[in-house]
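Biologist: Could you walk me through how to read helices, burial and pockets in a model like this one?
Modeller: Gladly; let us put the structure up and go feature by feature.

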Amino acid sequence: MGSALHPDAANSEPPPVTSQLCEWISSTTLDDIPPSVIERAKHLILDGIACGLVGARVPWSKAAFDAISQFEPAGNHAIIGYKERFGPITAALLNGTFIQACELDDYHSIAPLHSLSVVLPALFAASASPA
């Protein structure tokens with residue numbers, strides 16, 4: 001039986017890109033990552049958290065928090081800038097909204113997107129969820 005990167009000979013289809021990416025990520029160790037990349041990642045994580053703290057206090061983020069809190073039950077996942085906790089999906093939604101609220105977060109000029117507002121909330125939610 002083959003893996004995502006090494007399919008069976010009988011299967012001539014290449015493995016799906018997502019499978020390849022997942023296998024590569026799951027086999028990567030900290031030692032595989034250059035120190036300069038680790039250092040940059042730490043700065044980006046801190047930047048994303050700082051953007052979330054600022055973004056949590058703007059009026060439109062407060063309105064989002066107030067609206068969502070009326071309908072969502074309490075949970076175990078932290079919300080940037082608040083003491084209340086919600087489930088993982090709600091926490092990811094609010095944290096992403098806060099990080100992106102003022103468009104101060106990182107920006108990739110070649111692939112124009114603000115990746116921290118998507119990646120960090122998902123990582124936070126996943127890391128706080130039971131395995």
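**Reading the pocket and its helices**

Modeller: A good place to begin is the lining of the largest pocket, to which α2 gives the most, with 6 residues. This is a predicted model, so local features need pLDDT of at least 70 and side-chain atom pairs count only at pLDDT 80 or more, while totals for chains, interfaces and linings use all residues. Residues are numbered from 1 along each chain as its sequence is written, and side-chain values use heavy atoms, with hydrogens and water left out.

Biologist: How is a pocket found, and what volume does the largest pocket have?
Modeller: Rolling a probe the size of a water molecule over the atoms shows where empty space is left. On a 1 Å grid over the protein atoms alone, a pocket is an open set of points where a 1.4 Å probe fits, with protein on both sides within 12 Å along at least five of seven lines; lining residues have an atom within 4 Å of a point. Points are joined across faces, edges and corners, and the volume is the space filled by probe spheres set on them. Here the largest pocket comes to about 490 Å³. Of its 14 lining residues, Val37, Ala41, Ile45, Val119 and Leu123 are the closest to the centre.

Biologist: Which helices each supply at least two residues of that lining, and what classes does the lining have?
Modeller: α2 and α5 each supply at least two; helices are DSSP runs of H or I with at least four residues, strands are E runs of at least two, and both are numbered from the N terminus. By class, the lining has 11 nonpolar, 1 polar and 2 charged residues. Nonpolar covers Ala, Val, Leu, Ile, Met, Phe, Trp, Tyr, Cys and Pro, charged covers Asp, Glu, Lys and Arg, and the others, Gly among them, are polar.

Biologist: What span should α5 have, and what does the model give?
Modeller: The expected span is 1.5 Å times one less than the number of residues. For the 13 residues of α5 (116-128) that is 18 Å, and the end C-alpha atoms are 17 Å apart, which agrees. α2, with 21 residues, reaches 30 Å from its first C-alpha to its last, close to the 30 Å expected.

Biologist: Which residues of α5 are buried, and which are exposed on the face turned away?
Modeller: Buried means under 20% relative accessible area and exposed over 50%, with partly exposed in between (1.4 Å probe, protein chains only). In α5, the buried residues are Leu116, Ser117, Leu120, Pro121 and Ala125. They cover an arc of only 140° around the axis, so they sit on the same side of α5; the arc is that of the directions from the helix axis to the C-beta atoms. The face turned away carries exposed Val118, Leu123, Ala126 and Ser127.

Biologist: What covers the buried residues of α5?
Modeller: The cover includes α2 (35-55), β1 (74-78) and α4 (88-100). Take Leu120, buried at 3% relative accessible area. Not counting residues up to four places away in sequence, Leu120 touches Ile45, Gly48, Ile49 and Ile99, where contact means heavy atoms within 4.5 Å.

Biologist: And where is Asn95 found?
Modeller: Asn95 is in helix α4, buried with a relative accessible area of 2%. Beyond neighbours within four places in sequence, Asn95 is in contact with Ala78, Ile79, Ile80 and Pro121.
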